[in-house]
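Visitor: Hello! I am new to protein structures and would like to learn how to read one. Could you walk me through some features?

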Amino acid sequence: MKTLKNIILVSLPAVVILLILLELFFRIVIPATDPPMGFFDEEERMYCFSNQKEDGLITIGRFAQIKARWHINNEHWNYPVDYTSVDDRSLIAVIGDSYIEAFQVDAEEQYPFLLRKRLDPDYEVYAFGKSGAPLSHYLHVSRYVNRHFDPDILIFNMVHNDFEESIHELYPDKTCFMQVSVGDDGSFVETIPRPNLNYPQYTTWKRVVYRSALFRYLDFNLHLREIRRNIAGIDDRNFEANIAADKVIKNKDRIFEVTDHLVSTIRDENSGRRIIFVFDAPKGEVYTDTLDNSRVLWLNEMMKGICSTYDMEFLDLTPLMLEDFRANGKKFTSELDGHWNEYGHEFVADAIYDYLKNSG
């Protein structure tokens, strides 16, 4: 009884006070990341962001070294302005994954918005980015964009994990995104995106705990789950450009077939629209000037060849980034995150602006 009394009167209050202090600490001193809540749109079959809270702060690093402000607009995308019908100028829609979602920089610093400012007043530019989306889902998003906004130009922002993750048989757990299933006879069947019931939208206790700055710090800033996985020796594959290069090479033929199908489908569904594929560089090899040894650069070459086959426009950022890094030595990413930093977004905005200006 004496022990129980000590626990109730001494230990338990001490723990509660400690948790309160930690909660305040990770709200004020080292602010924990506070991403927007999401939801699965049953009508559009897409995972979107709730705009019940329009603005917030993403922090990256155990000391919150990177701080980025996000803004969820009227159509549930991270972008500084609302989306409306555009009648007085041409519309450019930029579709991509976390590089376009761009939670690593302020919403005003992402390249679609920078491009918007450079092209004003002739063009309006909207961004449609969702982390984890592969090329197959870009096709799905383009249909949504075409229905609601009827753009004149579609820019598909490509990264190296867009290809294998488009294939349902290789990544069957990516249920929120449209993928392509390949039949034994070589036929292609599109999967129907469906919600992940483990997301906070469907799990009450997750909605509660994600309100805690302490929990968010441990999960997002400290990456406690990844630390545990590394200690356990899980998922210790050799990654290059955010993909397991050996696995991708092993599935090279299937990746080519699915990519060819997706690009041709995008072309067929967008007759009359200008389509531009913009492909990121393998930045690690750019920094070390070892592109000749890259195990992923063949994906850039594959995409270039497929685009040429279907008379589609293609902008490879690799030679541009290599030339710029050799001249300036400025990295396009931070040491804490592999996505583009402010300089990276500014560089890409300038590259696309120059491409549009010089290609008519």
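Guide: Gladly! Let us begin with charge: Lys and Arg count as positive, and Asp and Glu as negative. Please keep in mind that this is a predicted model.

Visitor: Which residues gather in a patch of negative charge on the surface?

Guide: The patch is made up of Glu-54, Asp-55, Asp-82, Glu-108, Glu-109, Glu-342 and Glu-346. Take Asp-82 as one of them: it sits in the loop between strand E4 (66-71) and strand E5 (90-96). Its relative accessible area is 43%, so Asp-82 is partly exposed.

Visitor: What about charges that attract each other?

Guide: Side chains of opposite charge can pair when their charged atoms come close. For a salt bridge, the cut-off is a side-chain nitrogen of Lys or Arg within 4 Å of a carboxyl oxygen of Asp or Glu. By this rule the model has 20 salt bridges.

Visitor: How far apart in sequence are the parts that Arg-89 and Asp-120 tie together?

Guide: First, the pair itself: the side chains of Arg-89 and Asp-120 form a salt bridge, at 3.1 Å from N to O. Arg-89 is in the loop between E4 and E5, while Asp-120 is in the loop between helix H3 (111-119) and strand E6 (123-129), so the bridge ties together parts that are 31 residues apart in sequence. Arg-89 is partly exposed, at 23% relative accessibility, and Asp-120 is partly exposed too, at 47%. Both belong to a network of salt bridges that links Asp-88, Arg-89, Arg-116, Asp-120 and Glu-124.

Visitor: Where are Arg-273 and Asp-150, which also meet in a salt bridge?

Guide: Their side chains meet at 2.8 Å, N to O. Arg-273 lies in the loop between helix H9 (252-269) and strand E12 (274-279), and Asp-150 in the loop between helix H4 (135-149) and strand E7 (153-158), 123 residues apart.

Visitor: Are Lys-174 and Glu-165 buried or exposed?

Guide: Buried means under 20% relative accessible area, and Lys-174 and Glu-165 are both buried. Their side chains form a salt bridge of 3.3 Å, N to O. Now compare Glu-285, which is found in helix H10. Glu-285 is buried yet has no salt bridge, and the nearest side chain of opposite charge, Arg-295, is 7.3 Å away. Leaving aside residues up to four places away in sequence, Glu-285 touches Glu-240, Thr-290, Leu-291 and Ser-294.

Visitor: How should I read a helix?

Guide: An α-helix has 3.6 residues a turn, so residues three or four places apart point the same way. In helix H12 (residues 318-328), the buried residues are Thr-318, Met-321, Leu-322, Asp-324 and Phe-325. They pack against helix H10 (283-288), helix H11 (297-309), strand E13 (313-316) and helix H13 (342-359). After H12 comes Gly-329, with a positive phi near 70 degrees.

Visitor: Which residues have a positive phi although they are not glycine?

Guide: Here is the background: most residues other than glycine have a negative phi, and most peptide bonds are trans. Ala-64 has a positive phi of about 55 degrees, and His-76 has one of about 75 degrees. Ala-64 is in the loop between strand E3 (55-60) and E4, and it is buried at 1% relative accessibility. His-76 lies in the loop between E4 and E5.

Visitor: Where is there a cis peptide bond?

Guide: Look at the bond from Asp-120 to Pro-121, which is cis with omega near 5 degrees. Pro-121 is in the loop between H3 and E6.

Methods. Residues are numbered from 1 along each chain as its sequence is written. This is a predicted model: local features need pLDDT of at least 70, side-chain atom pairs count only at pLDDT 80 or more; totals for chains, interfaces and linings use all residues. Side-chain values use heavy atoms; hydrogens and water are left out. Patches are made of residues with over 30% relative accessible area and no salt bridge: like charges are joined within 9 Å, nonpolar side chains (Val, Leu, Ile, Met, Phe, Trp, Tyr) within 5 Å. Accessible areas come from the Shrake-Rupley method with a 1.4 Å probe; for residues, only the protein chains shown count as cover. The place of a charge is taken as NZ of Lys, CZ of Arg, CG of Asp or CD of Glu. Helices (H or I, at least four residues) and strands (E, at least two) are DSSP runs, numbered from the N terminus. Buried means under 20% relative accessible area, exposed over 50%, partly exposed in between (1.4 Å probe, protein chains only). Contact means heavy atoms within 4.5 Å.
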